[in-house]
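Colleague: I would like to learn how to read a helix, its cysteines and the empty spaces of a model, taking one feature at a time. Could we begin with the helix?

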Amino acid sequence: CKQPEPFVASDITGSAIGGDFSLVDFNGKARKLDDFKGKLVVLFFGYTHCPDVCPITLAKFKQIKNDLAETYKNVNFIFITVDGKRDTPERLKEYLQQFDPVFIGLSAPEDTVHQVAKDYSVVFYPEAASDVKADYTVTHTSSSFLLDRGGHLIRKYAYELQHDAIAADIKAFFD
């Protein structure tokens, strides 16, 4: 009888999903996935004008960070914006710091973000926006990802998972 895997996430270790990227953080610094090697990475694609999924996910990230206690210092929480038109570096920084100052926001030109999203099997598209309507929504994948210390994608977390289950998953990598 096989014991169930202790993780609550989908194990995507060894899949073709993921890969390096070259984006810009909210301080204007060019960042690659390699910059985060040595720490686990919790990754999410979203946007700052999101009415529900993004703020709930970032609040969950804050709870996960708190659940990890001092272990959080070995984890980077990264938010990649899918709405570069409105998510300026200043807006991204201000938004993320409302949740936690250690969260890292990344952006890039739309074609670059589309390629990174595609690499991670993330889908996003804005609703048909007119010049008159500046307040549009962007439909996007709501899953979060966990990358190991080498930058390899290892877990995919469904939006519905609770913070304590995700934190327990992450803690297992430090036991």
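Modeller: Please keep in mind that this is a predicted model. In helix α1, the buried residues are Val53, Cys54, Thr57, Leu58, Lys60, Phe61, Ile64, Lys65 and Leu68.

Colleague: Where do the buried residues of α1 fall when the helix is seen down its axis?

Modeller: The general idea is that an α-helix has 3.6 residues a turn, so residues three or four places apart point the same way. In the present case, the buried residues of α1 fall within an arc of 155° when one looks down the axis, and they therefore line one face of the helix. As for its length, α1 has 16 residues and reaches 22 Å from its first C-alpha to its last, which is close to the 22 Å expected at 1.5 Å a residue.

Colleague: Cys54 is among those buried residues; how many disulfides does a search of the whole structure find?

Modeller: The search finds zero disulfides. To count as a disulfide, two cysteine sulfur atoms must lie within 2.5 Å, and the sulfur of Cys50 is too far for a bond because the closest cysteine sulfur, in Cys54, is 3.4 Å away. Cys54 is likewise in no disulfide, the sulfur of Cys50 being the nearest to its own.

Colleague: Are these two cysteines buried or exposed?

Modeller: Cys50 counts as buried at 8% relative accessibility, and Cys54 is buried as well, with a relative accessible area of 0%.

Colleague: How should I read the empty space, and what lines the largest cavity?

Modeller: Rolling a probe the size of a water molecule over the atoms shows where empty space is left. Here the structure holds one cavity of 30 Å³ or more, and about 70 Å³ of space lies in the largest cavity. Its lining is made up of Val42, Thr57, Lys60, Phe61, Ile64, Ser142, Ser144, Tyr157, Ala158, Tyr159 and Ile166, and helix α1 (residues 53-68) gives the most to that lining, with four residues. By character, the lining divides into seven nonpolar residues, three polar and one charged.

Colleague: And which residues lie nearest the centre of the largest pocket?

Modeller: Val82, Asp83, Gly84, Lys85 and Glu110 lie nearest its centre, out of 16 residues that line the largest pocket, and about 210 Å³ of space lies in that pocket. Both α3 (110-119) and β7 (124-126) supply at least two residues of the lining, with the largest share, three residues, coming from α3. Sorted by character, the pocket lining has nine nonpolar residues, three polar and four charged.

Note on methods
Residues are numbered from 1 along each chain as its sequence is written. This is a predicted model: local features need pLDDT of at least 70, side-chain atom pairs count only at pLDDT 80 or more; totals for chains, interfaces and linings use all residues. Side-chain values use heavy atoms; hydrogens and water are left out. On a 1 Å grid over the protein atoms alone, a cavity is a set of points where a 1.4 Å probe fits but cannot get out, and a pocket is an open set with protein on both sides within 12 Å along at least five of seven lines; lining residues have an atom within 4 Å of a point. Grid points are joined across faces, edges and corners, and a volume is the space filled by probe spheres set on the points. Ala, Val, Leu, Ile, Met, Phe, Trp, Tyr, Cys and Pro count as nonpolar, Asp, Glu, Lys and Arg as charged, and the others, Gly among them, as polar. Buried means under 20% relative accessible area, exposed over 50%, partly exposed in between (1.4 Å probe, protein chains only). The expected span of a helix is 1.5 Å times one less than its number of residues. The arc is that of the directions from the helix axis to the C-beta atoms.
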